[in-house]
Amino acid sequence: MKTIVVLSLTLVACNLVSNLRAEEFDTLLFSDEFESESLDRRWGSWKSESMIRDGVLVGITPKDADHPSVNSIDFEPQSDLEISVSFRFQGSPSLSVMIRDLDYKGSHAGHICHVAIKPNSVTLYDGKTGLFRKDIRDKRKAGQKLDAKTKALVKRKTSRNSVKLDQDAWHDLVIRISGDVMEVFVDGEKTGRLRSEGIAHATKSNMNLTTVEREVLYDHFALRAR
């Protein structure tokens with residue numbers, strides 16, 4: 001991928017990201033072009049066989065794993081964030097970008113909010129007060145049915161959006177979190193927006209690239225704050 005053509009695409013992607021910013025996220029917390037032979041030491045891995053291959057991060061879930069592959073970055077607590085990454089489906093049916101606060105105990109594993117990407121959908125979640133809220137997650141994990149009121153609450157904390165993504169092509173993803181609003185852009189087009197109180201959590205401190213099954217390719221990763 002590290003060719004003149006890709007470099008040109010990178011410049012285009014950078015311009016897209018710059019043009020997308022309604023407000024400036026000018027504090028770079030971490031970035032990675034995956035040029036090294038192995039993952040940068042700041043990346044954490046869990047239930048993962050992810051690796052660097054040909055200058056990109058390859059997200060891989062082990063065949064016998066009971067959880068999708070997780071590659072994570074810890075950072076100083078922030079409220080507002082911008083995450084940008086290029087991705088390409090490589091056999092996997094979906095990927096997620098998840099934001100957590102590992103010190104927060106009111107939701108499963110500190111989940112605050114996340115975005116799930118499939119070839120035909122982009123879904124935004126307020127996990128803190130919705131899907132991953134501890135009591136709701138515990139009921140779901142135990143196989144208990146949610147009552148109508150809880151189902152309606154979870155629905156309000158979710159934004160599902162239809163897209164049509166070429167699974168054989170690279171795509172540029174930007175996620176911007178400002179206050180209680182999360183917006184998602186794919187290839188320069190706004191594809192989703194969710195306003196929900198849990199998104200405004202003030203001490204977000206962990207970001208996951210979560211790969212379902214095998215494989216997703218990632219490149220041009222950047223994490224920014226105000």
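This passage looks at the largest pocket and at strand β7, which helps to line it.

The model is predicted, so to speak on its own terms: local features need pLDDT of at least 70, side-chain atom pairs count only at pLDDT 80 or more, and totals for chains, interfaces and linings use all residues. Residues are numbered from 1 along each chain as its sequence is written, and side-chain values use heavy atoms, with hydrogens and water left out.

The largest pocket comes out at about 530 Å³. A pocket here is an open set of points on a 1 Å grid over the protein atoms alone, where a 1.4 Å probe fits and protein lies on both sides within 12 Å along at least five of seven lines; lining residues have an atom within 4 Å of a point. Of its 23 lining residues, H67, P68, M98, H111 and F132 sit closest to the centre. By class, the lining splits into nine nonpolar, nine polar (Gly counted here) and five charged (Asp, Glu, Lys, Arg) residues. At least two residues each come from β7, β8, β9, α2 and β14 (DSSP runs: helices H or I, at least four residues; strands E, at least two), and β8 gives the most, with four.

As for β7 (94-100), seven of its seven residues are buried, meaning under 20% relative accessible area with a 1.4 Å probe, protein chains only. S94, S96, M98 and R100 cover one side, and L95, V97 and I99 the other. Strands pair if DSSP finds at least two bridges between them: β7 runs antiparallel to β14 with seven bridges, and antiparallel to β8 with six. I99 partners M207 in β14 and stands opposite C113 in β8.

Terms used. Grid points are joined across faces, edges and corners, and a volume is the space filled by probe spheres set on the points. Buried means under 20% relative accessible area, exposed over 50%, partly exposed in between (1.4 Å probe, protein chains only).
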